[in-house]
Amino acid sequence: MTEAARRSTVRCVCPLDCPDTCQMVVTVENGRAVDLRGAKDHPFTRGFLCQKMASYLDRVYSPERLTHPLKRVGPKGSGQFEPISWDEALDQIAGRFQAIAASTDGPQAILPHSYYGTMGKLQASSLDRRFFHRLGASILDRTICASAGSQGYEYTLGKGRLGADPMAADRCQLMINWGSNTARTNSHLWSLMVAARKQHGATIVTIDPYRSTTAERSDWHLPIRPGTDAALALGLMHVIWRDGLQDQAYLDLGTVGASALRERALQEYGPTRVAEITGLNVEAIEKLARQYATTQPSLIRLNYGLQRHGGGGMAVRTIACLPALVGAWRHHGGGALLSTSGAYEFASEKLTRPDLSPAGTRVINMNQLGEALMGELPGPPVRALYVYNSNPAAVTPNQSKVLAGLQRNDLFTVVHEQFQTDTADYADIVLPATTQLEHVDLHGSYGHQFVMLNPAAIAPVAECRSNNTVFRALAGRLGFEPELFPDDSALIEQALAGGPPLAGITRERLEAEGSIRLNVPQVYMPFAEGRFPTASGKCELYSETMALAGLDPLPTYTPPHEDPQARPDLAARFPLQLLSPPRPQFLNSTFANSQQHLQSAGDPTVELSAHDAQARGLSDGQWAEVFNDRGSFQARVALLNSVRPGVAVATGIYWNKLSRGRTNVNATTSSALTDFAGGATFFDNLVEVRALAEPDPA
Ligand code: SF4
């Protein structure tokens with residue numbers, strides 16, 4: 001065989017839950033991937049991957065990969081397993097599912113649990129959904145990340161998560177990262193922001209309670225009090241309307257409800273009141289409003305962190321009103337950017353087939369997994385749990401309840417995973433999963449506008465199988481119609497049979513080209529002429545849809561559930577507002593078992609202001625316990641001048657079993673939900689911190 005025949009390159013796609021959806025070039029020699037790097041010629045990737053994925057090959061070939069099916073032989077949580085064959089594993093799963101479905105509890109006693117451990121359309125949401133819909137299992141409401149903000153954005157701007165053109169960010173003159181650590185979690189957009197600053201002196205502003213990397217590198221950081229973003233947005237509106245800085249022509253053309261919102265902003269959200277709520281000073285509020293109203297193109301990159309509070313849905317809805325007020329949508333690159341995913345119009349229902357699910361099937365909010373497993377929700381008990389693309393023992397709020405549920409001996413748990421996670425330790429059956437290099441997938445993005453194909457670059461490692469391979473095998477054992485479980489090529493074609501942006505984008509073209517831009521205008525300005533995909537066709541500053549849902553139809557400020565101003569009783573015992581954004585080395589809990597990533601990340605930390613540390617007798621680097629009534633975790637105190645007094649930050653997500661005390665930050669977080677759409681409230685979390693004489697052993 002020639003050198004050329006043994007060596008090839010394959011264009012793959014980063015599978016992580018990240019807006020950048022990078023194209024990766026994988027070099028394969030003799031069937032083994034030997035190199036992986038960002039595609040230089042991909043218009044958004046532009047040749048670089050972030051630090052999380054740079055060593056992905058070490059993950060693929062890690063000696064700690066799960067390589068064979070396992071069955072539990074020790075107590076739940078002990079991590080004691082022995083190998084079994086795939087046939088034995090699948091027979092056991094199918095047998096248990098059949099028995100539960102035939103029992104008086106019925107199939108709704110079976111609960112799937114997944115999120116976006118991979119973002120691929122096929123391995124994240126195709127045959128898995130068909131299988132559980134066909135089975136009649138309980139439906140999981142996948143609300144842990146984006147539901148409240150997405151709903152709030154859609155109430156204002158219409159269905160579809162459309163927004164500004166990310167590729168045109170370098171045209172902007174003002175960029176506001178609102179609750180977005182863009183430099184770390186959207187690094188390819190950040191590079192365009194930096195280019196705008198270098199090339200034409202654009203200004204980068206960050207609004208964030210945390211002095212993140214992005215805040216540090218911005219021209220101006222506004223350290224807002226957590227969960228008060230809607231109040232700031234309304235304060236900006238107050239100044240803009242008060243001083244006549246609004247784009248009245250755009251308001252007349254493209255919005256509904258401007259006079260009602262103007263009235264509210266002017267009456268209720270003067271800078272003095274907003275300063276009291278947000279902790280910012282009046283001058284900063286006035287200055288930002290003037291700068292925003294008089295600088296174009298302006299882009300607000302808002303992200304999901306700010307929606308992780310009780311009023312998070314309304315906060316995103318309120319901020320999404322701002323570009324219309326100043327006419328930012330008229331300018332290429334201007335407007336707001338939450339997600340680009342609505343531009344794709346994949347035929348998602350053809351993939352997932354919700355019609356197969358019996359009418360009236362119970363829906364369980366994934367943020368309340370603990371309550372579901374502990375029998376605290378209506379309907380039959382959850383008797384079987386099938387986990388894939390997720391690690392709920394580490395990432396779900398109200399962790400002690402989740403762990404108590406997973407500990408139930410009468411719960412049959414299956415975990416399909418790449419590594420022996422915290423969740424896998426509680427499984428009855430563990431199935432080894434393929435990585436992105438070992439299976440086929442189709443990708444959209446929520447940060448750019450390219451459809452991308454991920455071919456399998458290498459054969460599955462050992463006995464690993466993809467999600468779809470497993471669901472086909474289980475469907476066969478349960479006697480489900482084979483035509484519902486076709487091969488991956490057919491699924492790609494079904495997904496691409498969607499809306500106009502996908503016209504002409506075929507599987508064959510993707511196989512040849514790898515990445516194809518959607519059929520959207522080269523100069524993408526979706527709302528330059530108004531024409532929003534709302535019921536009124538306008539940007540709904542007043543939302544009749546919200547009124548019909550029993551919500552305030554106008555933007556407003558809703559305090560967090562655990563805000564010290566609203567809950568002084570709770571704050572008297574737990575005075576610190578704890579935020580838990582991602583650690584740059586991890587993506588949720590992915591990579592938090594890798595020695596390389598852990599070495600770079602260091603021990604878990606709790607970042608405090610010098611004032612709060614001093615008041616508690618804590619010094620930099622000292623081990624401490626962070627606690628509230630829900631639980632506690634251990635972390636080193638970090639004094640980095642990164643938070644204001646009253647705020648604490650613990651980045652993550654560390655694995656429980658690799659942490660001192662065997663818990664992580666989610667031992668303290670709450671399963672309370674957002675104001676609408678059932679979102680998680682991870683950052684709505686009052687805690688106290690005390691010194692630990694001696695931390696538990698690592
Ligand atoms: S920037 Fe995002 S998409 Fe790109 S390699 Fe990193 S995690 Fe993956």
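**Helices, sheets and odd bonds: worked exercises**

**Helices α13 and α14**

Task: find how close the axes of helix α13 (residues 271–278) and helix α14 (residues 282–294) come, and at what angle they cross.

Solution. Start with the axes: those of α13 and α14 come within 8 Å and cross at roughly 110°. (Axes are lines fitted to C-alpha atoms, for helices over the stretch in contact, and angles run from 0 to 180 degrees between N-to-C directions. Helices, H or I of at least four residues, and strands, E of at least two, are DSSP runs numbered from the N terminus.) Next, turn the angle into a word: α13 and α14 are therefore roughly perpendicular to each other (65 to 115 degrees; under 35 is roughly parallel, over 145 roughly antiparallel, and the rest oblique). Then look at the handedness, and you'll see that this crossing of α13 and α14 is right-handed (the near helix is turned clockwise from the far one by less than a right angle; anticlockwise would be left-handed). Now for the residues: P271, T272, V274 and A275 of α13 touch V282, I285 and E286 of α14 (contact: C-beta atoms, placed from the backbone, within 7 Å). Finally, sort them by class, and you get 5 nonpolar, 1 polar and 1 charged residues (Ala, Val, Leu, Ile, Met, Phe, Trp, Tyr, Cys and Pro count as nonpolar, Asp, Glu, Lys and Arg as charged, and the others, Gly among them, as polar).

Before you go on, keep in mind that this is a predicted model: local features need pLDDT of at least 70, side-chain atom pairs count only at pLDDT 80 or more, and totals for chains, interfaces and linings use all residues. Residue numbers start from 1 along each chain as its sequence is written.

**Helices α10 and α12**

Task: work out how α10 (residues 229–242) and α12 (residues 258–268) pack.

Solution. Start again with the axes: they lie 8 Å apart, at an angle of about 105°. That makes α10 roughly perpendicular to α12. Then pick out the partners: L234, M237, H238, W241 and R242 in α10 meet L261, R262, A265 and L266 in α12. Sorted by class, the contact of α10 with α12 has 6 nonpolar, 1 polar and 2 charged residues.

**Helices α3 and α21**

Task: describe the crossing of α3 (residues 86–102) and α21 (residues 467–477).

Solution. The axes of α3 and α21 come within 10 Å and cross at roughly 55°. So α3 and α21 are oblique to each other. As for handedness, the crossing of α3 and α21 is right-handed. On the α3 side you'll find L90, D91, I93 and A94, which meet A473, L474 and R477 in α21. By class, that contact between α3 and α21 has 5 nonpolar, no polar and 2 charged residues.

**The parallel sheet**

Task: give the strand order of the open sheet of 5 strands, and find its edges.

Solution. Walk across the sheet and you pass β10-β9-β8-β12-β13, with parallel pairing (two strands pair if DSSP finds at least two bridges between them). β10 (220–222) and β13 (335–337) each have a single partner strand, so they stand at the edges with one side lacking a neighbour in the sheet. On average, neighbouring strands of this sheet are turned by 20° against each other, direction ignored. Now zoom in on one pair: β9 (residues 203–207) runs parallel to β10, joined by 3 bridges. There, V205 stands opposite W220 in β10.

**The antiparallel sheet**

Task: do likewise for the open sheet of 3 strands.

Solution. The order here is β18-β19-β20, and the pairing is antiparallel. The edges are β18 (441–443) and β20 (515–517), each with a single partner strand, so one side of each has no neighbour in the sheet. Neighbouring strands of this sheet are turned by 15° against each other on average, direction ignored. β19 (residues 450–454) and β20 pair over 3 bridges. V451 faces I516 in β20.

**The ligand shell**

Task: list the residues surrounding the ligand.

Solution. They are C14, L16, C18, D20, T21, C22, L49, C50, K52, M53 and S187 (near means a C-beta atom, placed from the backbone, within 6 Å). By class, this shell has 7 nonpolar, 2 polar and 2 charged residues.

**Odd backbone spots**

Task: locate the cis peptide bond from Q296 to P297.

Solution. Its omega is near -5°. P297 lies in the loop between α14 and β12 (298–302).

Note on methods
Two residues are in contact if their C-beta atoms, placed from the backbone, lie within 7 Å.
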